[in-house]
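Me: I have a structure to go through, and I'd like to understand the labels people put on it. Can you walk me through how each one is earned?

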Amino acid sequence: MSQKELTNEEKKQINKYLDECIKELYMRKSVVVLKYMPKKEAEYVFELVKRNNSIIPRTVEYKSRPTVFLKYHKQCKNVDRGKMLKQAQKEYNKGYLDESLHIYKQLVQMFPRPTSFIFYRIGLLYLKHQQRKPALLYLNLALGLSKKENREHTEELENLIFNISNCIPLEEQKDTRYIDMAESDFYEEKHDSKLEDIASLIKEDNLDFSDTCKKYNLTTEEVLLVKLISARNNYASKNFSRGDKFMKEVEKSHEKTEAVKELFKEIITNKKMYQYREVKTKKKN
């Protein structure tokens with residue numbers, strides 16, 4: 001049975017709540033996690049913010065529930081993100097924690113879809129500053145993204161969050177101070193913001209897929225990645241048939257690279273999450 005449409009009063013309340021969250025987002029210029037919402041309300045939030053180029057909405061499992069969070073986005077060109085990452089680590093190694101934190105938060109702004117690695121590093125830096133509340137915010141986001149990315153260190157993150165939540169001093173924690181999340185995890189985002197933007201253009205402006213890909217001189221790999229991003233966008237907006245169409249086209253392709261295969265697997269794994277359905281996790285033996 002489908003959910004009934006939102007009433008005008010419900011929309012008014014969401015608008016008011018979202019305005020407050022956006023003000024906070026612009027002040028922080030980082031991320032804001034919204035309160036848990038039923039499917040229809042979450043979809044309405046996506047509709048409200050999707051045309052705002054400085055806000056990117058995402059769904060993630062946050063404290064065991066599918067939740068929407070908003071990410072502040074700063075469009076930057078000709079920025080060497082790899083160089084920024086190395087500089088952030090360099091500042092950290094020298095003990096300049098404020099400088100390192102600032103760079104990592106800039107990376108959050110620049111990446112349309114930052115990986116769990118960046119949120120994890122920010123969470124650790126807030127721990128170093130003895131700021132438990134923001135540390136838990138970023139570590140919980142890192143945990144949710146880690147599950148979507150099928151990382152091996154999910155259980156370690158859960159243990160770290162549990163210990164912090166229970167105020168166990170960091171120095172008393174065993175094997176959880178530093179999770180084996182390497183610099184290579186930073187580069188797991190195989191497609192850049194250009195492909196995200198092209199997929200959004202095709203969806204929002206109803207552009208012809210083939211013509212648009214030709215216009216931007218996309219390689220075969222990039223075309224397949226745009227199809228996958230388009231599938232994910234359509235699942236999020238409840239256009240399941242169009243999402244399935246793109247997925248089947250990619251599945252039939254004989255030119256899938258490792259980046260394409262990984263993103264395909266990630267979307268298949270989290271398809272229900274994109275549709276705002278409850279994700280059932282397997283019980284551990």
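Reply: Sure! Keep in mind that this is a predicted model. Let's start with the rings: searching the whole structure turns up five aromatic pairs.

Me: What makes Phe 119 and Tyr 138 a stacked pair?

Reply: Their centres are 6.1 Å apart and the planes make an angle of 25°. Rings pair when the centres lie within 6.5 Å, and planes under 30 degrees apart count as stacked, so both tests are passed. Phe 119 belongs to helix α5 and Tyr 138 to helix α6, with their positions 19 residues apart in the chain.

Me: And why are Tyr 126 and Tyr 138 called stacked?

Reply: Go through the steps again: 5.8 Å centre to centre is within 6.5 Å, and 20° is under 30 degrees, so this pair is stacked. Ring pairs join Phe 69, Phe 119, Tyr 126 and Tyr 138 into a cluster.

Me: How do you know whether Tyr 126 is buried or exposed?

Reply: Tyr 126 has a relative accessible area of 10%. Buried means under 20%, so Tyr 126 is buried. Tyr 138, at 3%, is buried by that rule too.

Me: What makes the link between the side chains of Ser 30 and Tyr 138 a polar contact?

Reply: The distance is 3.3 Å, and the limit for such a contact is 3.5 Å. Ser 30 sits in the loop between α1 and β1.

Me: How do you know that the charged end of Arg 65 sits over the ring of Tyr 36?

Reply: The charged end of Arg 65 is 3.6 Å from the ring centre, and the distance limit is 6 Å. The angle has to be within 35 degrees of the ring normal as well.

Key:
Residues numbered from 1 in each chain as written. Predicted model: local features only at pLDDT ≥ 70, side-chain atom pairs only at ≥ 80, totals over all residues. Heavy atoms only, no water. Helix = DSSP H or I, 4+ residues; strand = E, 2+ residues; numbered from the N terminus. Polar contact = N/O pair within 3.5 Å; in protein donor to acceptor, adjacent residues only side chain to side chain. Phe/Tyr/Trp six-rings, centres within 6.5 Å; stacked < 30°, edge-to-face > 60°. Buried < 20%, exposed > 50% of the residue type's maximum accessible area, 1.4 Å probe, protein only.
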